[in-house]
Amino acid sequence: MDSPLQTAKAWSRSRKRDRETDGDARTRILDAAEELFAGGGYEATPTARIAELAGVPKGLVFHYFPRKIDVLISLVDERTLVTEEEVEALPGDAAGTLSRLARRMPLHASPAMRRILFREADTHRSVRERLGRLNAEIIRRARFALELALPGGRGDAARLEAAAATFAAVLLYQESLCLLTGHHIDPDAVAELIAHALG
């Protein structure tokens with residue numbers, strides 16, 4: 001017969017395994033939802049299909065996400081991040097500064113998550129708001145980088161804002177445009193155009 005201490009340790013190990021399994025199940029649910037929402041869209045994806053692809057019972061999906069919309073909100077909140085990286089500017093070189101920003105894109109989201117953002121922004125307010133916040137943050141960083149690269153403020157504030165917004169649009173939307181048209185936009189070429197316009 002086990003001692004109370006051995007029983008407590010066994011129970012603790014069991015709970016730890018359950019927590020690890022729970023975390024793994026939640027991740028698998030989100031992975032499955034990301035794949036399915038990116039492929040066919042949120043509305044066309046039944047919760048049962050998410051559970052099937054994740055390899056979990058349907059009830060476990062509802063344990064973590066009481067409503068299907070909660071799966072989408074969690075995906076968008078957890079898998080689209082703008083990291084806090086320092087903006088590196090090259091004084092006097094707006095094109096080089098923007099190119100460097102593009103290579104160190106502060107938005108971390110898989111191609112699938114980017115498809116979900118743009119597809120679902122039209123019909124889900126929370127997704128639209130998240131996309132707006134991401135866009136605003138990238139514009140802020142691009143504008144700050146341009147201000148550092150162009151000391152003395154070549155171009156007024158409105159022109160710098162327009163340049164930053166244009167560059168942010170290229171960074172955010174290039175994947176969607178490529179999917180729709182098959183045409184890839186080179187951020188370095190856009191950086192050159194913007195720098196020339198600010199000239």
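In the predicted model, alanine 102 has a relative accessibility of 16% and therefore counts as buried, since the cut-off for buried residues is under 20%. This alanine is part of helix 5, which spans residues 94–103. When neighbours within four places in sequence are set aside, alanine 102 is in contact with Phe167, Leu171 and Pro187. For one of these partners, phenylalanine 167, the C-alpha atom is 8.8 Å from that of alanine 102, although 65 residues separate the two along the chain.

Threonine 123 belongs to the other accessibility class. Its relative accessibility is 55%, so threonine 123 counts as exposed, the cut-off for that class being over 50%. Threonine 123 sits in the loop that links helix 6 (111–120) to helix 7. Its C-alpha atom lies 9.8 Å from the C-alpha atom of glutamate 43, a residue 80 places away in sequence.

The loop that holds threonine 123 leads to helix 7, which covers residues 125–149. The axis of helix 7 comes within 10 Å of the axis of helix 4 (residues 68–79), and the two axes cross at roughly 5°. Angles under 35 degrees count as roughly parallel, and helix 4 and helix 7 are therefore roughly parallel to each other. On the helix 4 side, the residues that meet helix 7 are Leu72, Ile73, Val76 and Asp77. Their counterparts in helix 7 are Ser126, Val127, Arg130 and Arg133. Sorted by class, this contact consists of four nonpolar residues, one polar residue and three charged residues.

Helix 2 was examined for the placement of its buried residues. Helix 2 runs from residue 47 to residue 54, and its buried residues are Thr47, Ile50, Ala51 and Ala54. These residues lie on the same side of helix 2, because the arc they cover around the axis is only 95°. An α-helix has 3.6 residues a turn, so residues three or four places apart point the same way. After helix 2 comes glycine 55, which has a positive phi, near 75°.

A UniProt record, an unreviewed entry, places the feature "DNA-binding region" at residues 46–65. In the model, the chain over residues 46–65 is 75% helix and 0% strand. The C-alpha atoms at the two ends of this stretch are 14 Å apart.

Definitions and conventions
Residues are numbered from 1 along each chain as its sequence is written. This is a predicted model: local features need pLDDT of at least 70, side-chain atom pairs count only at pLDDT 80 or more; totals for chains, interfaces and linings use all residues. Side-chain values use heavy atoms; hydrogens and water are left out. Buried means under 20% relative accessible area, exposed over 50%, partly exposed in between (1.4 Å probe, protein chains only). Helices (H or I, at least four residues) and strands (E, at least two) are DSSP runs, numbered from the N terminus. The arc is that of the directions from the helix axis to the C-beta atoms. UniProt positions are given in the numbering used here, feature names are shortened, and annotations may be inferred rather than shown by experiment. Axes are lines fitted to C-alpha atoms, for helices over the stretch in contact, and angles run from 0 to 180 degrees between N-to-C directions. Angles under 35 degrees count as roughly parallel, over 145 as roughly antiparallel, 65 to 115 as roughly perpendicular and the rest as oblique. Contact means heavy atoms within 4.5 Å. Ala, Val, Leu, Ile, Met, Phe, Trp, Tyr, Cys and Pro count as nonpolar, Asp, Glu, Lys and Arg as charged, and the others, Gly among them, as polar.
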